[in-house]
Amino acid sequence: MSNDQQIKDMVKQKYSEIALQDKADNQASCCGSSCCSTEVYNIMSDDYSTLEGYNADADLGLGCGLPTQFAQIKKGDTVIDLGSGAGNDCFIARHETGETGKVIGIDFTPAMIERARANAEVRGFNNVEFRQGDIESMPVTANVADVVVSNCVLNLVPNKDAVIKEIYRVLKPGGHFSISDIVLEGDLPPAIQEAAEMYAGCVSGAIQKQVYLDLIHDNGFTAVTVQKEKAIIIPEDILSQYLSADEIKDFKNSQTGIYSVTVYAEKPTANSCCGPDCCTK
C-alpha cells in the first residue's frame with residue numbers, strides 16, 4: 001500500500017464487508033480477511049463465550065485477545081472501546097461497569113456502527129453508545145474515560161503513535177488501558193508485508209513488539225505490562241498464497257515471531273506527571 005489513506009480505505013472496505021457476515025464466515029479466515037484457510041478456525045481470536053455480558057450476535061470473531069477480561073473495569077466506570085465492531089467488547093464492558101457506568105464504542109466503518117447500534121437497541125442498553133470516527137482523532141472530549149480497551153485494531157492503523165496519543169488524551173488522570181494487538185519479533189517476508197489481504201487480516205500491519213511498547217512509554221504511560229502473550233501460527237495454505245515452498249520453509253526456519261499481546265498501561269495522576277514530555281521510561 002502506497003500511503004496511509006489507501007491503507008485506511010482498504011481496511012474500511014474490508015470491514016464493511018465483514019459487518020455483513022456472520023461469525024462462522026469470519027472464523028473461516030484470518031481475522032475476518034479474505035485469506036481463507038482450509039483449517040477452518042480463526043487463527044487470532046480467543047473464546048469470549050464464558051465471559052459475563054457476552055452476546056453471540058455481536059461476536060464476529062475478529063479479535064486477537066480478551067482485553068476486557070484484563071481491563072479491571074469497576075462499577076460506574078466510563079469505558080471506551082476502540083474499533084468496537086458489532087459491539088462485543090462494549091457489551092462485556094457494560095456488564096462490568098453496570099447501569100451506573102457508560103460505554104462508548106468508536107469505529108470508522110458505518111456498517112459496523114449500524115450493526116452495533118442495532119445490537120444495543122434490541123437489548124435495551126441505554127448506557128452504551130457507538131460513535132463513528134477515526135481512533136487517531138476520537139470524537140470524544142479529553143479526560144473522560146476511566147478505561148480504554150481495544151481488540152486487534154491498532155495493528156490496522158498506519159499511524160499508531162497518533163492513536164496512543166489519543167488514548168492518553170481521552171483517559172482521565174489515573175485511568176488505564178488494556179489493549180490486545182498483533183506484534184512482531186523479526187521481519188516478515190516482503191510478500192506478506194505488502195499483501196493488502198494480510199493487512200486486513202491483522203498481520204502485515206503489525207510492528208515490532210519493542211517498538212510498540214516504546215511508543216506507549218514515550219507517550220507518557222506508566223506501569224506498562226504485557227498481561228498475556230501467545231504465538232500466532234499462520235496456516236501453510238494461507239502462506240502459500242504469498243510465498244513459494246522454499247520461502248515458506250525459510251520463513252518457518254527464521255526467528256520471526258507473530259504474537260498476540262494484551263498490554264496494560266496507566267495514565268499518571270495529575271500530581272505525578274504533567275504528560276508525555278515529563279514522564280520517563
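This is a short guided tour of a predicted model, one selection at a time.

**The whole chain**

Start with the full protein chain in cartoon view. You will find eleven helices and eight strands. Colour by accessibility next: of the 281 residues, 55% are buried. If you like contact maps, here is one number to keep at hand. Among contacts between residues at least 6 apart in sequence, 77% join residues at least 24 apart.

**Stop 1: helix 9**

Select residues 209-218, which make up helix 9, and show the side chains of Lys209, Tyr212, Leu213, Leu215 and Ile216. These are the buried residues of the helix. Look down the axis: they cover an arc of only 150 degrees, which puts them on the same side of helix 9. A reminder from helix geometry helps here: with 3.6 residues a turn in an α-helix, residues three or four places apart point the same way.

What covers those buried residues? Add helix 6 (160-170) and strand 5 (171-185) to the selection, then strand 6 (207-208), strand 7 (222-231) and strand 8 (257-266); the cover includes these elements. Before leaving, step past the end of the helix to glycine 220, which follows helix 9 and has a positive phi, near 100 degrees.

**Stop 2: aromatic pairs**

Now display the aromatic rings. The model has four aromatic pairs. Begin with phenylalanine 91 and phenylalanine 130: their ring centres are 6.1 Å apart and their planes stand at 85 degrees, so this pair is edge-to-face. Phenylalanine 91 belongs to helix 4 (residues 88-97) and phenylalanine 130 to strand 3 (residues 128-132), so the pair ties together parts that are 39 residues apart in sequence. Phenylalanine 91 is buried, at 1% relative accessible area, and phenylalanine 130 is buried too, at 3%. Add Phe125 to the view, since Phe91, Phe125 and Phe130 form one aromatic cluster.

Move on to phenylalanine 177 and phenylalanine 221. This aromatic pair is also edge-to-face, with 5.1 Å centre to centre and 80 degrees between the planes. Phenylalanine 177 sits in strand 5 and phenylalanine 221 in the loop between helix 9 and strand 7, so parts 44 residues apart in sequence are tied together. Relative accessibility is 3% for phenylalanine 177, which counts as buried, and 1% for phenylalanine 221, which counts as buried as well.

**Stop 3: the second largest pocket**

Turn on a surface here. The second largest pocket has a volume of about 210 Å³. To see its lining, select Ala231, Ile232, Ile233, Ile234, Leu239, Phe251, Lys252, Thr256, Gly257, Ile258 and Tyr259. Helix 11 (245-253) and strand 8 are the elements that give two or more residues to this lining. Which element gives the largest share? That is strand 8, with three residues. Coloured by residue class, the lining divides into eight nonpolar, two polar and one charged.

**Stop 4: two positive phi values**

Finish with the backbone. Most residues other than glycine have a negative phi. Select asparagine 143 for a positive value, near 55 degrees. Asparagine 143 is in the loop between strand 3 and strand 4 (145-151), and at 40% relative accessibility it counts as partly exposed.

Then go to cysteine 152, in the loop between strand 4 and helix 6. Cysteine 152 is not a glycine either, yet its phi is positive, about 60 degrees. Its relative accessibility is 3%, so cysteine 152 counts as buried.

Methods: Residues are numbered from 1 along each chain as its sequence is written. This is a predicted model: local features need pLDDT of at least 70, side-chain atom pairs count only at pLDDT 80 or more; totals for chains, interfaces and linings use all residues. Side-chain values use heavy atoms; hydrogens and water are left out. Buried means under 20% relative accessible area, exposed over 50%, partly exposed in between (1.4 Å probe, protein chains only). Helices (H or I, at least four residues) and strands (E, at least two) are DSSP runs, numbered from the N terminus. The arc is that of the directions from the helix axis to the C-beta atoms. Contact means heavy atoms within 4.5 Å. Rings of Phe, Tyr and Trp (its six-membered ring) pair if their centres lie within 6.5 Å; planes under 30 degrees apart count as stacked, over 60 as edge-to-face and the rest as tilted. On a 1 Å grid over the protein atoms alone, a cavity is a set of points where a 1.4 Å probe fits but cannot get out, and a pocket is an open set with protein on both sides within 12 Å along at least five of seven lines; lining residues have an atom within 4 Å of a point. Grid points are joined across faces, edges and corners, and a volume is the space filled by probe spheres set on the points. Ala, Val, Leu, Ile, Met, Phe, Trp, Tyr, Cys and Pro count as nonpolar, Asp, Glu, Lys and Arg as charged, and the others, Gly among them, as polar.
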